[in-house]
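Student: Hey, can you walk me through this structure? I'd like to start with a sheet and then go on to the cavities.

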Amino acid sequence: MRRDGNPQADQLLADARRQIAVLGDAGRMALTYLVEGDWYATPGSSPEALGWDLAPQQAPSPLQPADMSRASALYDQAECLLGGTDLPRLRAALSLRKSLLARFAGDAEARHRHLEAAVVGFDSAGDSAGYHLAMMHRLVADIDDGTLGRHALDLGGGWHRPRHGPVAETVAWAETAGSSSWCVGLGRLLERCGDHWAAQRSTPRSRVAYLSALHLISVDPDLPTRTLITAVAKADSDSNLACNALLRLERAFGPYFEETADQQDEFGFSQKVEASFVLLSALRDESRGPAALLAAERMAHVGRQLAIDADRLRAALPPLGQPVFTTLDDLRSGLREEQDDGSFAAQVARVQADMVRMQLSLLAQAQRSVDTARVLGQLARAEAAQRTGRLAEADRWFARAIEAARGPGVDTYLLPVALIANQRLDEARTAMLACGRQIPDDLQLPLWVRVKDYDQALATLARREADGFVAQDWRDLLCLAELHLARGKPTEARQLVGEAIAVFEDTVRLLLRDPERLEACDQPDVAALYSTLAMTYLSRQGPTAPAEAEASFEAAEFARSLSSDADLGRADQASRTAWQHAAAEYAAAAHQLLAEWPSAVEEQKDFTVLDTLDEALAQAEHAVDAQDRGILLRRAARPRQPTAAQLRHRMPAGTLLLEYLAVGDDLLAWAMTRDMVRPTRESVPLRHLTALVREFHTACAEGYAPATELTSLLLEPFEDLLRVHPRLVVVPFGPLNLVPFHALPCGGTPLALSHIVSYAQSAVSVWEPGGDFDQPFLPARPLVVADPAFDDGAHPGLPRLPGAGLEAQAVKRALRVPAERVLVGTDATEADVLRLLADCDLLHISSHSHLDELSPFASSLVLAGADDLTVADLTGLRFGIRLAVFTGCDTGRGQATLGGDLIGLTRTLLRGGARRCVVSLWPVDDWVVPVLMANFYDGLARQLSPAAALARAQRAVHDMSAEQLQTACTALGGDADTDGSRRRGVVLDPALRDDAELPGGDAERYWASFILME
């Protein structure tokens, strides 16, 4: 009665008190004051629900707002009446309410104290339902406080039921001696907690709350959970976990798009429409990575299936000569305004017309999804081509996307989005002005910043702030920082981007799994965070002051530290290895599952493997945590970084470091020596930069390096420093990972002819305290794996590599490797490689490699028989390897990450303890590599450092003529390739081979393919 606003409730309570007074029952009298306190503390709800409405109503509550002072007084009176009575259940209920008051007062300590009393009280009273209620309140309190690490560990990825923590305990209780409906109610409580924190833009809190709610509500298999799954996926997406988000949505909604049109009823169609919006948003996030083309295909499939069902429903509907509403809010408003003459016939006609109108409204929403799928799918293809430098192809797809976005009824925001992606900023600005206020302000603000109309951006921001907007999400804060920086206010921008970084790193800190943290950090907007911070220190006029130059460099290094490895504390090596290996296997399976969708959309996808791997990963996580409680959370925090001054002092004389960040239209670079840091900033559209990289990389891989604008962009700003520093370390970024800097012309000749050049993930990784930078290296325990005798059925189309056998013999001779440590042919099995890998200081593998850009942790090296050595196999192993050499095709390529590295073999070995790696940037020639490697190992035997030995070998090959190369190959026991047919990783049709004269060793294709990663 009280919740309905019935005034008789007060009278009934007064009557109850009079009767209780006659009985002299202090406990029941205390209960009446507790109930009255609830009326004022949580009007329309209850303290058990924390004042939230677990079943939200459309109509507003008729009750007055909460009065916490009056509620507190009533609860105090109840406590006074209890005195020394033995009523633990009632005392526990009162403690629960005291915790509610503490929550609203912001007293976290008192709140937890009262909740502990409630847990103990309900437990001692034998009230298991109350006990689990108090446990969930304690979980909500932890979420409110931001104490999330333990719960994130307990909940894992959310694919399987947790085995540890309060949620696991409550689910187990509900399925045995407890109540499933009570458990579902607790799930609704956590769902409202998630809604609260999602509205506050606190993704880490909402994600833990939603995952908890999902497990609790799933106790009842008949209850739908798609809304919760969508919420979890949204939290995943906001955490930059596009793969997780898409897997959840595909698992929940994918079947809707695998049914034929005649199997869909109207309810199923409405579910399909709702699912389409969610799926398209997640696919858009996924399309920004290597899976862009697969995401585009899936978008097209979603659009096609939706269009088929829409046509079927449209054909069955009668015409309606009234407006059709395209949004649910407009539809509700229109239905409320309708009137009729009150007759039965008129009411029936109105109901029928309303049914048709709702169906037509649903069709209008479906058409929006179909149009959105068409635009976003073409945009995904355009951006994928643009990221790889294929500008002509990109522009063709951009033209299609823009044409589709101009269509009638298409969401207005899509046209400026497509135009901005194609760098047509003036047209995008015109399109936005024409739209007026049709685009919501939360979308308008970042779009105005992208088109560089800062006056419009400020006007939009003013409207949002007038509506109560306060930037809390890191993307919103970054947008405001970019706006202030563009308006010449670096101090204000620095403060805002600092807040954005703090929010983002707080989110990443709760991603305990390395692959998830890596995925979250490998995004353009994350790179923009740190590049914006760096730019706030750079002077717009004249040279940047030394302190600001070093601060900007440190910002770039902060970005790279997010994906760096960290120690696992006191956990033993077996547990560490099991955990990291399990994480890599899970990541590989997740990405492979996504990659299968476009080719098998008619089949139900099997998540069994993923569920099994997730459960194994959760067990491995708890095994590590049991040995060093909290270590997974502590290691996820960004490690303390050395300052630029500290790094400078570790650098040897004559050494120059060049570090790059390329984000949007900004190319940032830093030169660092023992004495100074010099930053530069160039305006270079990223699409132009990627095209230059593609052109130069392709030319080098095919033959000779051309003159390139890359030299003026990357080297000329530091030409004076290069002249006096013969040792160069390059820290590339993004597309620059594919640039052979050592092949860039410098002073009329390739840089490698005058400099010793190596590459690194970061400056910190090169000059660690006590490191061995540029020290001679003569291995004591080498392991050589070459030319495995692989099974043709397991690896169809791959040719054997006779040159790899020559390499093995060259290494064996140069380093006097014992025969048992040289694995060639059938001896090169996975078991023997892993057995010897644990005890080697040099690893040389000459085999085919498989780069899986969609599932980097599934990338592998081919071994004997059907064996292969995957990234997941290697992840978690700790190596004593000081040098790893991979001479297969493209072993240095991989998915570029924010950390300036590649998710592939290189990164895995370096994270596993390998000090440095030699890898290739393009398919190498099987008959040339033995010559280069023989020279390289001869250099190591002569006590040269690995970088100096590689430079010596490259110069030796560069100076050879074609005939001299052939002679050198023959001298090693090989058969020189004179038609270019034996190129590792490339199988050429004899009819397509080039009969032109074989190039000499000065072709970059021959001498420049390998790099040394420190």
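Tutor: Sure, we'll take the sheet and then the cavities, and keep in mind that this is a predicted model.

Student: OK, in what order do the strands of the open sheet E11-E12-E13 come, and is the pairing parallel or antiparallel?

Tutor: The three strands come in just that order, E11-E12-E13, and their pairing is antiparallel.

Student: Which ones are the edge strands?

Tutor: Those are E11, at 849–850, and E13, at 868–870. Each of them pairs on one side only.

Student: And how many bridges are there between E11 and E12?

Tutor: Two bridges, with E12 covering residues 860–862. Within E12, Leu861 is the residue that stands opposite Ser849.

Student: What holds strands together in general?

Tutor: Strands of a sheet pair through backbone hydrogen bonds.

Student: Switching topic: how many cavities of 30 Å³ or more are there in the whole structure?

Tutor: The search turns up 11 of them. The largest cavity holds about 190 Å³ of space.

Student: What's around the largest cavity?

Tutor: Its lining has 16 residues, and nearest the centre are Ala152, Gly156, Arg207, Leu510 and Leu511.

Student: Which helices supply at least two residues each to that lining?

Tutor: H7 (149–155) and H10 (203–217) both do. H10 gives the largest share, with four residues.

Student: So how does the lining of the largest cavity divide into nonpolar, polar and charged?

Tutor: Eight of its residues are nonpolar, four are polar and four are charged.

Key. Residues numbered from 1 in each chain as written. Predicted model: local features only at pLDDT ≥ 70, side-chain atom pairs only at ≥ 80, totals over all residues. Heavy atoms only, no water. Pairing = 2+ DSSP bridges. 1 Å grid on protein atoms, 1.4 Å probe; cavity = no way out; pocket = protein on both sides within 12 Å on 5 of 7 lines; lining within 4 Å. Points joined across faces, edges and corners; volume = space filled by probe spheres on them. Nonpolar A, V, L, I, M, F, W, Y, C, P; charged D, E, K, R; others polar.
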